[in-house]
Every structure is written in structure tokens, then in C-alpha cells.
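Please work through the exercises below with the sequence and the structure open. Each task is followed by a solution in steps.

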Amino acid sequence: MDLIQTLLDGLMVGGLYATVAIGITLVFGIMGILNFAHGQMLMLGAYTAFFVVSAGFGFWPALVIAMVAMAALGLLLERIVFRHTLTDHMQGLTASLGLIMVIENLAAAAFTPDHRTFEPPLAGSFQLGPLTLSSQRMLVLALVVVLVVACYLFLQKTRIGKAIRAMGQNRTGAALVGIQTSQVTAVVFMLGSAMAGAAGVLYGSLFAITPYMAAAPLMKGFILTVLGGLGSVPGAVLAGFLLGVAESLGSRYLSASFRDGYGFILMIVCLLYFPRGLFGQRGKIRV
Amino acid sequence: MSALLDAPAVNPPNLDAPATGAPRAGSAWRQRAAAIVPWAGWICLAVLLVVPMLGGSRYIVYLGTLIALQAALATSLNIVMGYAGQFAMSHAAFYGFGAYASALLISSLGLNFWVAVPLAMLGAGALAAVVGYPALRYTGGVHLALITFAFGELARLVAANWHSLTGGPMGMRVMYSPSPFFGLELSSAKGLYWLAAGMLLVCLLVTLAIQRSRFGRGLVAVREDETLASFLGINVVGYKVAAYVISSMLAAMVGCAYAPIMNFISPELLSAHETISLIGVLILGGIGTIVGPILGTIVFFGIPEMLRVARLYRLVVLGVIIVVVVLFMPKGLGGVLRDRLARWKRGLA
């Protein structure tokens with residue numbers, strides 16, 4: 001029973017990682033923009049939810065408002081900064097490092113570095129057979145599944161989703177067949193930012209919110225993006241759940257203080273034996 | 001300061017040199033004048049290094065020590081990032097490794113400082129080879145970035161959790177000062193400044209030696225096009241691993257100086273934030289130039305000191321400066337100066 005409980009915990013945390021990883025897969029894996037400020041979007045999303053919930057509007061409006069607000073911020077950043085750095089990974093990376101400093105310090109000044117929490121919509125826990133499950137954690141897991149499936153269907157079935165995947169395969173080719181690459185880039189950036197906002201709200205409903213909360217989920221998101229195979233949404237999700245379970249098992253049965261380490265070990269082993277990631281394309285990559 | 005940057009070996013091939021044909025008349029003196037610029041740069045550096053010695057202010061000496069250390073670190077990272085073009089995210093880990101290794105060798109085994117430094121460097125070099133080889137077998141750089149990042153975080157976690165050896169997350173106090181170097185006393189504040197400045201000079205000289213050598217030109221070829229470089233008979237993987245190992249060893253060397261200067265080491269030293277801000281410094285200053293890391297460090301760490309009045313907002317201002325530099329000066333300060341100089345030399349500016 002202990003094992004199943006641990007596995008479920010792992011799935012829940014893994015779901016959060018997967019949500020972050022999808023946003024990064026869209027922006028980095030498909031568009032090739034190394035945006036480290038993605039984590040700051042998550043932090044701002046969590047704060048948005050905190051303020052909306054504190055104002056008495058409840059959890060669901062907070063989720064929607066946070067996603068819309070982050071999509072708007074994503075559009076702004078894309079228009080002002082990232083559309084100019086499309087050709088160069090390093091440039092985009094450095095610009096996002098600058099943005100991190102701006103956003104994080106402004107947030108620390110405006111919101112104070114105090115830990116904040118807001119009331120989750122479901123409190124308490126329920127019994128399922130011999131298992132004790134936290135209601136809010138189950139809700140988060142369910143929401144993650146909904147977000148992941150919605151995002152996947154959007155990419156697979158809609159016209160613009162197909163345009164996005166086409167651009168991921170070949171930017172020039174996509175432009176040649178009449179895809180408005182500049183607009184599609186903006187859409188991808190908004191979508192990725194909205195996912196970050198949603199992940200932030202879910203994080204905030206479980207953990208404390210601080211201006212510096214962004215670093216760990218961001219790094220895990222990048223790891224998962226590569227583990228899953230660059231640009232593959234199912235790969236990122238699967239890797240997210242794997243990482244969550246690995247961390248949860250490791251900290252339950254080995255050592256809890258080394259929790260973040262298990263993910264990194266998993267990643268190193270994975271990159272050594274599956275250098276293209278779980279769902280990445282095959283190909284010659286050795287000179 | 002303006003140019004330790006005349007770097008024929010690292011000029012990207014697309015500089016507009018051949019496009020304009022023969023130099024205009026009267027450009028000979030410009031050639032000669034431009035040849036002086038690197039020397040002027042070295043003189044500027046020497047003046048800058050001496051300045052903290054003149055005033056009696058302890059604060060200036062301390063600030064100079066910190067900037068020299070950071071500049072040394074950025075210069076050593078420049079070897080693997082700027083010349084070999086490989087995105088290594090483990091620099092802070094080797095920096096911290098050097099600090100911890102030298103502190104433990106000196107305080108537990110009672111070794112002399114100048115014995116501990118090469119030992120720490122050797123350890124770092126071996127570690128870098130073990131980490132770097134599997135990651136650098138692949139083209140594209142994402143593998144190295146991720147594996148080195150994961151290695152750095154693992155190293156930080158080990159430092160934070162190995163209580164008996166490192167003192168855990170609370171860090172450890174370091175109570176020794178480096179022994180004199182050929183009669184030069186290093187235990188005072190000014191002595192420690194000379195230690196940091198010496199580290200910076202060593203890193204600069206190694207970079208310069210690499211840039212002028214066949215090895216350095218090979219690294220630039222690898223950076224520009226790995227496939228092409230392998231056709232030219234360059235051992236691509238070997239060159240990349242060598243650059244990574246050299247860069248990591250230098251980082252460990254600078255780390256050895258960190259311990260006695262700060263009197264305190266904590267696992268935070270190894271965190272990825274340190275590496276990320278170093279990368280920011282490099283790109284701000286101009287990646288792949290000699291002057292870049294120094295210029296970048298002065299701007300990156302100097303401006304926040306100047307903006308002390310604004311307290312909370314100084315990092316915000318710095319962030320805005322980084323974004324603006326990236327958008328309007330993608331080659332960094334050093335790259336812009338180098339291109340200006342190259343244009344001026346041909347009589348175009």
C-alpha cells in the first residue's frame with residue numbers, strides 16, 4: 001500500500017512537471033526559443049491566482065484569469081524581445097536571463113518575499129480502499145490530465161496546431177506553403193505562457209508562493225523537454241510522470257534530502273543511452 | 001581597456017574584410033595605429049589592476065578582489081564557450097570543487113596552499129574528462145548543456161548533503177590564508193587582491209596562448225562547423241574535451257583563491273545561478289574575445305555597485321541593460337569594439 005501511495009504522489013508531482021514541460025516543449029522544442037523566463041511566468045501565474053482568490057473570486061476564475069494574463073504577457077514578450085532573437089539560441093537565452101532579473105526583482109519588490117498560500121478549492125482527504133488521498137492533489141492530477149489532453153488535441157487536430165507542427169519540422173518550408181510564421185510564433189508563445197500560468201496556479205494551490213519559486217520547476221521542465229525528445233509533447237508528458245515517480249520513490253525509500261538529485265541521475269543515464277530522448281527522431285548525430 | 005581584443009584567429013569568417021577590395025590610400029598609418037590598440041588595452045588593464053592598491057580604502061580593495069575573481073572565472077569559461085562554442089553549465093560546480101577541495105586538503109591534511117592548488121586542479125581535470133567525454137561525443141550542444149547542468153546540480157546536492165566532509169548546507173568556515181608566493185606576502189587584504197589578480201592574469205595568458213596556437217584555431221574551426229573541422233583532420237571530440245578540461249581546471253584554480261578570500265564556503269557557490277550569471281557576463285562582454293569577459297564583469301558587477309542607492313532596483317536596471325545589449329549589440333561590447341577596430345583599420349569608419 002505504501003508503494004501505491006508513493007506512486008500516486010509521484011504521479012501528482014509528475015503531472016505538475018509535465019505541465020511546465022509542455023510549455024517549454026512548445027516554446028523551446030518547437031520554436032527553438034530558449035526562454036528561461038518561463039519559470040517567472042509560472043511564478044506570476046501563481047501570484048495572479050493568489051490575488052484573485054484573496055479578492056474572493058474563487059479558484060476557477062483564478063485559473064482562467066492567470067492563464068489569460070500570462071498569455072498576454074507572453075505575447076508582449078514575444079513582440080518586444082523574442083521575435084528579434086529567433087535566429088540565435090544564445091541571444092534568446094541571454095535576453096531571458098535579463099528578463100528573469102527584471103521580473104524576479106520587480107516581483108520581490110512589489111509582492112514582498114513572504115511566503116503566500118491560498119485556500120485550495122478542495123480541502124481534506126478521502127479514503128479509497130486502504131489509500132488516503134488528498135482531494136486537492138487528485139484535483140490537480142485531473143486538471144493536469146485535462147490540460148495535457150487539450151493541448152495534445154489542439155496540436156493534432158486544429159489547423160493552427162498543424163501549422164505549429166509544420167513550423168517545428170521546417171520553418172522555411174512552412175513559410176513556403178503559406179503559413180504566417182510570425183503570427184504562429186506569437187500563438188505558440190502565448191500558448192506556452194498560458195500553460196506556465198496554469199502550472200503556476202496548480203503549484204500555488206499545493207505549495208508556498210514566493211518570488212523565487214521559479215528555478216526548480218523551470219530546470220525540471222527543460223530536462224523533461226530533452227528527455228522526452230525535443231519537440232515531442234507526448235514524450236515530455238511521459239518523462240514528466242517518470243521523473244515525478246522516480247523522485248517520489250527515491251525520496252521515500254532512499255534519502256529525502258537528495259530528492260532533486262534522482263531526476264538528474266535519471267537524466268544523465270537517459271541521455272547516455274537514449275541521446276535522442278524517449279520519443280525523439282532517430283538520426284545520425286555523431287561527427 | 002578598449003582592446004585586448006585584436007583577435008585575428010577568432011574573427012568570424014563573415015567579417016567584411018575581403019569584400020571591400022584593396023585598402024584605401026593612407027591606411028598604412030591606420031594599420032600601425034591599430035596594432036598599438038592591444039598594447040593600450042594591456043596597459044589599461046595594468047592600470048586598472050593597480051588602482052585598488054593606491055587608495056587606502058579597504059572597500060575598493062575588496063571590490064577589486066571580487067571583480068578580479070569573477071573576471072578570472074569568466075575568462076576561463078570563455079575558453080570552452082567562446083572558442084570551442086560548447087555550452088558548459090558546470091562551471092560553478094568546478095569553481096566550488098576547487099574551493100572545497102583546496103580547503104579540505106589544506107585544513108584536514110595540512111598541505112601547503114601551493115601544493116593544494118595543483119592537486120585540486122588535477123582532480124577537477126579528471127572529473128571534467130569523465131563528465132565531458134560522454135556528453136561531447138554528440139554534435140549540437142544540447143547534450144553537453146544538460147549533462148553538465150545535471151552534473152553541477154548533483155555536485156551541489158552532494159556538497160549540501162555530505163555533512164561529515166563539507167559541513168552540509170550551512171557551509172564551512174575556512175581559517176587559513178595562502179602561504180607566501182616567492183616572498184610575496186598574501187595573507188593581508190592587499191595580498192589576497194594580488195592573489196585574485198594573479199589568477200586573472202594566469203587565465204588571460206592561458207586564453208592568449210590558446211588563441212595564438214594551432215589548438216586554438218582548431219577550436220574555432222570546431223565552433224564554426226564540426227563536420228567541416230573533422231574533414232580537415234581535426235580530432236573534434238578530443239579538441240572539445242580538451243577545451244572543457246582546461247576551462248574546468250582553471251575554474252578550480254580560481255576556486256582555490258575563493259576560499260581564503262571569503263573565509264567561508266557554502267554549497268550555494270556551486271549553484272546553477274552562478275553559471276548563468278557568468279554566461280550573462282560573457283555574452284554582455286563579447287563571447288570569444290580576450291577583452292570580453294573583463295568588460296562584461298566590470299559592467300555586470302560594477303553597475304550594481306554604482307547603483308547601490310537604488311537598492312532593490314539595481315538588479316532590475318541590470319536586467320534591462322542585458323536585454324537591450326542582446327537586442328541591439330548581439331556580439332557584445334567586445335565584439336562591437338573588435339569590428340569597429342577592424343573597419344577603422346581599413347579606413348572605413
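The exercises concern a predicted model, and they proceed from whole chains to single residues.

**Exercise 1. Overall form of chain A**

Task: Determine how many helices and strands chain A has, and assess how its radius of gyration relates to the globule rule.

Solution.
Step 1. Chain A contains eleven helices and two strands.
Step 2. In sequence order, these elements give the pattern α-α-α-α-β-β-α-α-α-α-α-α-α.
Step 3. For 287 residues the globule rule gives 19 Å, and the radius of gyration of chain A is 19 Å; chain A is therefore as compact as a globular protein of that length.
Step 4. The C-alpha trace of chain A spans about 60 × 45 × 35 Å along its principal axes.
Step 5. Of the 287 residues in chain A, 51% are buried.
Step 6. Consider the contacts in chain A between residues at least 6 apart in sequence: 77% of them join residues at least 24 apart.

**Exercise 2. Chain B and the nonpolar core**

Task: Describe the make-up of chain B, and state which residues have the most contacts inside the largest nonpolar core.

Solution.
Step 1. Chain B has 14 helices and two strands.
Step 2. Buried residues account for 50% of its 349 residues.
Step 3. In chain B, 79% of the contacts between residues at least 6 apart in sequence link residues at least 24 apart.
Step 4. The largest nonpolar core comprises 205 residues, and B:Ala196 and B:Val254 have the most contacts inside it.
Step 5. Helix α10 of chain B (residues 236–262) gives the most to this core, contributing 19 residues.
Step 6. With neighbours within four places in sequence set aside, the contacts of B:Val254 are B:Leu69, B:Ala72, B:Leu73, B:Ser76, B:Tyr95, B:Gly98 and B:Met199.
Step 7. As general background, nonpolar side chains in soluble globular proteins tend to be buried together.

**Exercise 3. The contact between the chains**

Task: State how many residues each chain brings to the contact, and classify those on the side of chain A that touches chain B.

Solution.
Step 1. Chain A brings 32 residues to the contact, and chain B brings 33 residues.
Step 2. On the side of chain A that touches chain B, at least two residues come from each of α4 (89–111), α9 (215–227) and α11 (259–273) of chain A.
Step 3. The element that gives the most to this side is α4(A), with twelve residues.
Step 4. By class, this side of chain A has 21 nonpolar, eight polar and three charged residues.

**Exercise 4. Helix α14 of chain B**

Task: Test the length of helix α14 of chain B against the expected span, and identify what covers its buried residues.

Solution.
Step 1. The helix runs over residues 332–345, which are 14 residues; at 1.5 Å a residue it should span 20 Å.
Step 2. The end C-alpha atoms of α14(B) are 20 Å apart, in agreement with that expectation.
Step 3. The buried residues of α14(B) include B:Gly332, B:Leu333, B:Leu337, B:Arg338 and B:Lys345.
Step 4. Among the elements covering the buried residues are α1 (28–54), α11 (272–285) and α12 (292–306) of chain B.
Step 5. After α14(B) comes B:Gly347, which has a positive phi near 80°.

**Exercise 5. Buried or exposed?**

Task: Decide whether A:Gly10 is buried or exposed, and do likewise for A:Thr112 and B:Asn263.

Solution.
Step 1. A:Gly10 belongs to helix α1 of chain A (residues 2–30). A:Gly10 has 22 C-beta neighbours inside 10 Å, and the threshold is 20 or more, so it counts as buried.
Step 2. Leaving out residues up to four places away in sequence, A:Gly10 touches A:Gly244, A:Val245, A:Glu247, A:Ser248 and A:Leu249.
Step 3. A:Thr112 lies in the loop between α4 and β1 (125–128) of chain A. Although not a glycine, A:Thr112 has a positive phi of about 60°. A:Thr112 counts as exposed because it has 11 C-beta neighbours inside 10 Å, where the limit is 12 or fewer.
Step 4. B:Asn263 sits in the loop between α10 and β2 (264–265) of chain B. B:Asn263, a residue other than glycine, has a positive phi near 60°. With 11 C-beta neighbours inside 10 Å, B:Asn263 counts as exposed.

**Exercise 6. The hairpin of chain A**

Task: Establish which way β1(A) and β2(A) run, and find the bridge partner of A:Leu128.

Solution.
Step 1. Strands β1(A) and β2(A) (the latter residues 131–134) run antiparallel and are joined by four bridges.
Step 2. A:Leu128 has A:Leu131 of β2(A) as its bridge partner.
Step 3. Two residues lie between the strands of this hairpin, where A:Gly129 takes a positive phi near 60°.

Terms used: Residues numbered from 1 in each chain as written. Chains lettered and ligands numbered in written order. Predicted model: local features only at pLDDT ≥ 70, side-chain atom pairs only at ≥ 80, totals over all residues. Expected span 1.5 Å × (residues − 1). Contact = placed C-beta atoms within 7 Å. Core = buried A, V, L, I, M, F, W, Y, C linked by C-beta atoms within 7 Å. Nonpolar A, V, L, I, M, F, W, Y, C, P; charged D, E, K, R; others polar. Rg over C-alpha atoms; globule rule 2.2 N^0.38 Å. Pairing = 2+ DSSP bridges.
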